[in-house]
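Q: I would like a close look at a single part of this model, with its surroundings described carefully enough that I can follow along in the coordinates. Please start from one detail of the backbone and work outward from there.

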Amino acid sequence: FLEPAAAELAAHRATDTQRAIILDAAGTMHPETGDVAPLFHADCTFHVTILEATRNQVMQQMRQLILTMLRVSYEYGVMRPAHDPVSRAGHLKVAEAIARHDGPAARDAMATMLSRNARMAQAYWSEVGE
C-alpha cells in the first residue's frame with residue numbers, strides 16, 4: 001500500500017497546519033449520520049492532505065488516483081447498510097499518530113484501516129458477482 005508509507009512520511013514532514021487539517025478532517029467524519037457529502041469531503045481532505053504532507057513529488061502525484069479510489073468506494077458500497085460505515089476511529093488513529101510525529105504508528109494505523117477497507121470491497125464484489 002502507498003498510503004501507509006505516506007502516513008509515515010507525513011508524521012515526520014507535515015507542517016502544523018497540515019497536522020491540524022488532517023486531525024480536523026478525521027474528527028468531522030460522522031458516518032452514523034448517513035450524510036455522505038460531508039463525509040466524502042472530509043475523507044478526501046484527510047487523504048489528500050496526507051499525500052501533500054509527505055513533500056514527496058511522486059506521492060503527491062497519486063492525488064488523483066486516491067480521489068478516484070475514494071469516489072468509487074463511496075459509489076459502490078461504503079455507506080451501504082450491509083457494510084460497516086467509514087471508520088472515524090481508524091482515521092482518528094492515523095491523524096493522532098501524525099500529530100504526535102509517530103511515523104511507525106501512523107503507518108500501522110493506516111495499514112489497519114486500509115485492510116478493513118479491502119475486506120469491505122471484497123465483500124461488495126462477492127455480493128454483486130452472485
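Which residue with a positive phi follows helix 3?

A: The model is a predicted one, and what follows should be read with that in mind. The residue is Arg55, which comes after helix 3 and has a positive phi, near 60 degrees.

The helix that precedes Arg55 covers residues 36-53, and its 18 residues reach 25 Å from the first C-alpha to the last, close to the 26 Å expected at 1.5 Å a residue. Many positions of helix 3 are buried, which here stands for a relative accessible area under 20%. Among the buried residues of helix 3 are Leu39 and Ala42, then Asp43, Cys44 and Phe46, and further along His47, Val48, Thr49, Ile50 and Leu51. Ala53, which also belongs to helix 3, is buried as well.

Part of helix 3 is in contact with helix 6, and the pair can be described in a standard way. Two packed helices are characterised by the angle between their axes together with the distance between those axes. For helix 3 and helix 6, the axes come within 12 Å and cross at roughly 35 degrees, and the crossing in which helix 3 passes helix 6 is left-handed. On the side of helix 3 the contact is made by Asp43, Phe46, His47 and Ile50, while helix 6 contributes His91, Val94, Ala95 and Ile98. The four contact residues of helix 3 are listed among its buried positions, and His91, Val94, Ala95 and Ile98 are likewise buried in helix 6.

Helix 6 itself runs over residues 88-99, and its twelve residues reach 16 Å between the first and last C-alpha, close to the 16 Å expected at 1.5 Å a residue. Besides the residues already named, Gly90, Leu92 and Ala97 are buried in helix 6. A positive phi also appears just after helix 6, where His101 takes a value of about 65 degrees.

The residues on either side of His101 take part in a salt bridge: Arg100 pairs with Asp102, with the closest N and O atoms 3.6 Å apart. Asp102 is partly exposed, its relative accessible area being 27%. A search of the whole structure finds three salt bridges, and another of these brings the side chains of Glu8 and Arg107 together at 3.0 Å, N to O. Because Glu8 lies in helix 1 (residues 2-13) and Arg107 in helix 7 (residues 103-128), this pair ties together parts that are 99 residues apart in sequence. Glu8 counts as partly exposed at 22% relative accessibility, and Arg107 falls in the partly exposed class too, at 30%. Arg107 also forms a salt bridge with Asp108, where the closest N and O atoms are 3.4 Å apart, and Asp108, at 41% relative accessibility, is again partly exposed. Through shared partners, Glu8, Arg107 and Asp108 are joined into one network of salt bridges.

As for the chain around these elements, it has seven helices and zero strands. Of its 130 residues, 40% are buried. Among contacts in the chain with a separation of 6 or more, 73% come from residues 24 or more positions apart. The chain exposes about 7,000 Å², and carbon and sulfur atoms supply 56% of that area.

Definitions and conventions
Residues numbered from 1 in each chain as written. Predicted model: local features only at pLDDT ≥ 70, side-chain atom pairs only at ≥ 80, totals over all residues. Heavy atoms only, no water. Helix = DSSP H or I, 4+ residues; strand = E, 2+ residues; numbered from the N terminus. Expected span 1.5 Å × (residues − 1). Buried < 20%, exposed > 50% of the residue type's maximum accessible area, 1.4 Å probe, protein only. Contact = heavy atoms within 4.5 Å. Areas by Shrake-Rupley, 256 points an atom, 1.4 Å probe, with all protein chains shown as cover. Salt bridge = Lys/Arg side-chain N within 4 Å of Asp/Glu carboxyl O. Axes fitted to C-alpha atoms, helices over the stretch in contact; angles between N-to-C directions. Left-handed = near helix turned anticlockwise from the far one by under 90°.
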